[in-house]
Amino acid sequence: MAAPLLLFAACGSSTHPPNDAGISLPPANVDEATVGTISGRVLFKGEAPAMPEIDMSSNPQCERQHPAPQKAETVVVNANKTLRNVFVWIKDGLPHVRWTPSAEAAKLDQKGCVYEPHVLGIMEGQQLEILNDDPVNHNVHAESQVNPAWNESQPPRAEHKFKRFDSAEVLFPVTCSVHPWMRSYIGVSPHPFFAVTGEDGSFTLKGVPPGTYTIEAVHEKYGRKQGKLTLTPNGSATMDFAYGS
Ligand SMILES: [Cu+2]
């Protein structure tokens, strides 16, 4: 655990770390007095498709952790007709600067042989902490294409894994070679303006400098949708997305 933290600290203290293209970017210099908020909802039209129940009978130690059968999370439509697990981010329009990632690690847990959360947003260079809360062996497989992919086992009670992604990539799957039903998605953003829709289907991007932006919503099954908006100084702008029929 000490080694990756030291590596992270060393990188963070560098004044001009190269980005993935090898070009030094100036640090972000946001005027906090002018920032605003972008928010909206991801709607789902039509009838929600029924999700299959996951058959965990091949592994009783996974199965017995679920009092009710676990359903696939490919499409989760909320009670208010919004879509959960949509990654929303500013795709374009921000200045080409280097943003500082949160010092706090983003967490990906394995619990009941299910990845939690199902969709995770993380910033370039931010720590990803991977936990195994199960009494079984998992094999975490990051199927990234821009960032180097990796596939590593994580036995029960093993030390937490710490990983980083150094390039933007929205989204890629994380699977488990032991349990074929296990699947999550990670979106790596070059800046801190991203969110994942939850139980109310809304998203909020705070502290955004004024500007004209392309906002993109990405869903694992239904794909990408984009819209453009302008955020005025101290303003708030809204954009809704709609999936389904
Ligand atoms: Cu697994």
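Glu216 is buried, with a relative accessible area of just 1%. In this predicted model, the side chain of Glu216 nevertheless has a charged partner: a salt bridge joins Glu216 to Arg224, with 3.1 Å between N and O. Arg224 itself is partly exposed, at 46% relative accessibility. A buried residue is thus paired with a partly exposed one.

How many salt bridges does the structure contain? The count comes to 5. Another of them is formed by Lys107 and Glu129, whose side chains meet at 3.5 Å, again from N to O. Lys107 belongs to strand β3 (residues 106–111) and Glu129 to strand β6 (residues 128–132), so this pair ties together parts that are 22 residues apart in sequence. Here too the two partners can be looked at in turn. Lys107 is partly exposed, with a relative accessible area of 44%. Glu129 has a relative accessibility of 11% and counts as buried, because the limit for that class is under 20%.

Arg164 and Asp166 make a further salt bridge, and their closest N and O atoms are 3.3 Å apart. Arg164 is partly exposed, its relative accessible area being 26%. Asp166 is also partly exposed, at 42% relative accessibility. In addition, salt bridges link Glu152, Lys161 and Lys163 into a network.

The next feature to find in the structure is the metal site. Which residues hold the copper ion? Its protein donors are His138 through ND1, Cys176 through SG, His179 through ND1 and Met182 through SD, and they lie 2.0 to 2.6 Å from the ion. Why is the arrangement called tetrahedral? The 4 donor atoms subtend angles of 97 to 132° around the copper ion, which makes the arrangement tetrahedral. For this class, all angles must lie between 85 and 135 degrees.

Along the chain, the copper donors follow the spacing H-x37-C-x2-H-x2-M. The pair of His138 and Cys176 links distant parts of the chain: His138 sits in strand β7 (residues 138–142) and Cys176 in strand β10 (residues 169–176), 38 residues apart. Are these two donors buried or exposed? Both His138 and Cys176 are buried.

Strand pairing can be followed from strand β2. This strand (residues 87–92) pairs with strand β14 (residues 211–219) in the antiparallel sense, over 5 bridges. To locate the pairing by eye, one can start at Ile90, which stands opposite Ile215 in β14. Strand β2 is also joined to strand β12 (residues 194–196) by 3 bridges, and these two strands run antiparallel. Within β12, Phe194 is the bridge partner of Trp89. Strand β2 therefore counts as paired with β12, since at least two bridges are required and 3 are present.

Finally, a residue outside the strands deserves a look. Where is Val30? Val30 is found in the loop between α1 (2–13) and β1 (36–45). Its relative accessible area is 23%, so Val30 is partly exposed. Setting aside neighbours within four places in sequence, Val30 is in contact with Val35, Trp99 and Pro209. Val30 can also be placed relative to Leu94: the two are 64 residues apart along the chain, while their C-alpha atoms are separated by 11 Å.

How values were computed:
Residues numbered from 1 in each chain as written. Predicted model: local features only at pLDDT ≥ 70, side-chain atom pairs only at ≥ 80, totals over all residues. Heavy atoms only, no water. Donors = N, O, S within 2.8 Å, 3.2 Å for Na, K, Ca; no water. Tetrahedral: all angles 85-135°; square planar, octahedral: opposite > 155°, others 65-115°. Helix = DSSP H or I, 4+ residues; strand = E, 2+ residues; numbered from the N terminus. Buried < 20%, exposed > 50% of the residue type's maximum accessible area, 1.4 Å probe, protein only. Contact = heavy atoms within 4.5 Å. Salt bridge = Lys/Arg side-chain N within 4 Å of Asp/Glu carboxyl O.
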